[in-house]
Amino acid sequence: MSKKSSILRFSAALFAVMALAAFAVHCAKNSTSVYGPLREYIDMIKVVNAHEHQRWFSEYEGHAYNFYTLLAHTYLQADLVSAGAPGLKTETINQGDLDALWKTYGPYLDFSRNTSYYSHFLAGFRLLYGFEDPYFTEENVRILSEKIAENYSRREEWYEKAFHQAGFETMFVDQYWDPFNTELDGRFFTLVFNINPLVYSIASREQLIVPDAPLQTNIYKLAEKEGNPIKSLDDYLAAAERLFQKFQKKNVVCLKNSMAYGRSLDYAEVSSEDANKLFSRPSGSLSAAERKALQDFMFHWIVKKSLALELPIQIHTGYLAGNGNVLENGRPVKLNNLFLKYPQARFVLFHGGYPWTGEYAALGKMFPNVYLDLVWLPQISREAAVRGLDEMLDTVPYNKFFWGGDCHFIEESAGSLAFGKDVVAQVLAMRVERGLMTEDFAREVARGIFRDNAIRFFKLKVPS
Ligand SMILES: [Zn+2]
């Protein structure tokens, strides 16, 4: 090789390195110059959180409050179990032996450091506790546990502080554990009616009318108490009607269906005549297909009711929380017949339909009556949320998106919001950088997702 050609090669290589460095600086500058101010703007939005399961403190009476109390009610626990850990039991936590708890769960927390469940849970402590370490350790979990115990010794005060510090305006609460309760603290919460028990109970009459049947989700016992015992399908529908009226009086803003946890989302059409015949038989004598037919009838009845009352229906689609279920049950396309049959009803599909996110976006694009709530998708997989939202913004007008957290404790909700904001800001910044939208429009979209769309769509009485 001649000296001249090696100098030439050296110059070319140097030029390439310099060009690459300039490109990298350009990209870094672009990402901070768009992401940074956009994220600052998003952080100022008072967020309308369209889905949560926040439980009030009386429901945790007798619990010790430490890091593991929150861990036991976070999604992350499922990753620990997936990694091989035993389930986290209240009795074990209440013993309060932090050494023993770390010994059992620490190794599985460490195995889960890569997951979005882990990172969003940690993000909540960054936001509300000033936690700065990259991961949970035996030592910092001990310190966090002390702070958690201190905060929960003044829990109402803590809740109010954390709620505002996280940046919430209001949270929709799906009380699946007490679905007929209409009393909520209006300073924080907005009422949602979880209709699962109305659908399930229609085909389990015998189990629910026995003397020791549970009371809380029991429409038969409720009707009996009101002096209107359920003897026929008409009685059942009248009891359901009264529940709708009760929720209407308390300003319910939508219905919620999370039935994919227990059955498939396909709801066939069943005539009143067939439903009457099935209801008149002992429910124990019904086959699985007959029970499903009765439930299908009831959900169609509820969709018609939602139309009359102008209440949107939120529906869980896709991935199922926990550690074992029938994934296929939540496939969004199973709902296709309802969207066609009830063009005036409004359906809000949850969770990006993960892992069927393309199918989910296609339904939101095709149907004027199908809306998309990104709730929980960033926690399931941050990268799936980034890819999914980018695709959804290619396909679906932005007035159809909402955001929710889907958590039991304020710490995890705060972390979910931080994660959600990061995903939305990243996707919108990338789209600005690619010349697909202006920065002004990106801010408008973000404001729509985190606040304005929900206020308009659910007709909320908050400042717009
Ligand atoms: Zn939920």
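## Phe-172 and its surroundings

Phe-172 lies in strand S2 (residues 168-173); helices (H or I, at least four residues) and strands (E, at least two) are DSSP runs, numbered from the N terminus. This is a predicted model, in which local features need pLDDT of at least 70 and side-chain atom pairs count only at pLDDT 80 or more, while totals for chains, interfaces and linings use all residues. Residues are numbered from 1 along each chain as its sequence is written, and side-chain values use heavy atoms, with hydrogens and water left out.

With a relative accessible area of 0%, Phe-172 is buried (buried means under 20% relative accessible area, exposed over 50%, partly exposed in between, with a 1.4 Å probe and protein chains only). Leaving aside residues up to four places away in sequence, Phe-172 touches Val-48, Asn-49, Ala-50, His-51 and Glu-52, together with Thr-190, Val-192, Val-253, Cys-254, Gln-314, Phe-458 and Leu-460. Contact here means heavy atoms within 4.5 Å. Pro-332 is 160 residues from Phe-172 in sequence, and their C-alpha atoms are 22 Å apart in space.

## Zinc site

His-51, one of the residues touched by Phe-172, is also a zinc ligand: the ion is coordinated by His-51 (NE2), His-53 (NE2) and Asp-406 (OD), at 2.1 Å. Along the chain these donors follow the spacing H-x1-H-x352-D. His-53 and Asp-406 link distant parts of the chain, 353 residues apart: His-53 is in the loop between strand S1 (47-52) and helix H2 (67-72), and Asp-406 is in the loop between strand S8 (401-402) and helix H19 (410-433). Donors are N, O and S atoms within 2.8 Å of the metal (3.2 Å for Na, K and Ca); water is not among the atoms, so sites may look incomplete.

Both His-53 and Asp-406 are buried, the latter with a relative accessible area of 4%. Asp-406 also has a positive phi, near 75°, in a residue other than glycine.

## The loop between S6 and H16

A second positive phi belongs to His-351, at about 70°, although His-351 is not a glycine. His-351 is found in the loop between S6 and H16 and is buried, with a relative accessible area of 1%.

Pro-355 is placed in the loop between strand S6 (347-350) and helix H16 (357-366). The peptide bond leading from Tyr-354 to Pro-355 is cis, with omega near 5°.

## Arg-387 in helix H18

Arg-387 is found in helix H18 (residues 382-395). With 56% relative accessibility, Arg-387 counts as exposed. Arg-387 and Thr-357 are 30 residues apart in sequence, with a C-alpha to C-alpha distance of 9.3 Å.

## The chain as a whole

The chain has 20 helices and eight strands, and 53% of its 464 residues count as buried. A compact globule of 464 residues would have a radius of gyration near 23 Å, and the 25 Å of the chain agrees with this; the radius is taken over C-alpha atoms, and the globule rule is 2.2 Å times the number of residues to the power 0.38. The C-alpha trace spans about 100 × 55 × 45 Å along its principal axes. Of the contacts between residues at least 6 apart in sequence, 74% join residues at least 24 apart.

About 20,500 Å² of the chain is exposed, with carbon and sulfur atoms supplying 55% of it; areas come from the Shrake-Rupley method with a 1.4 Å probe, and for residues only the protein chains shown count as cover.
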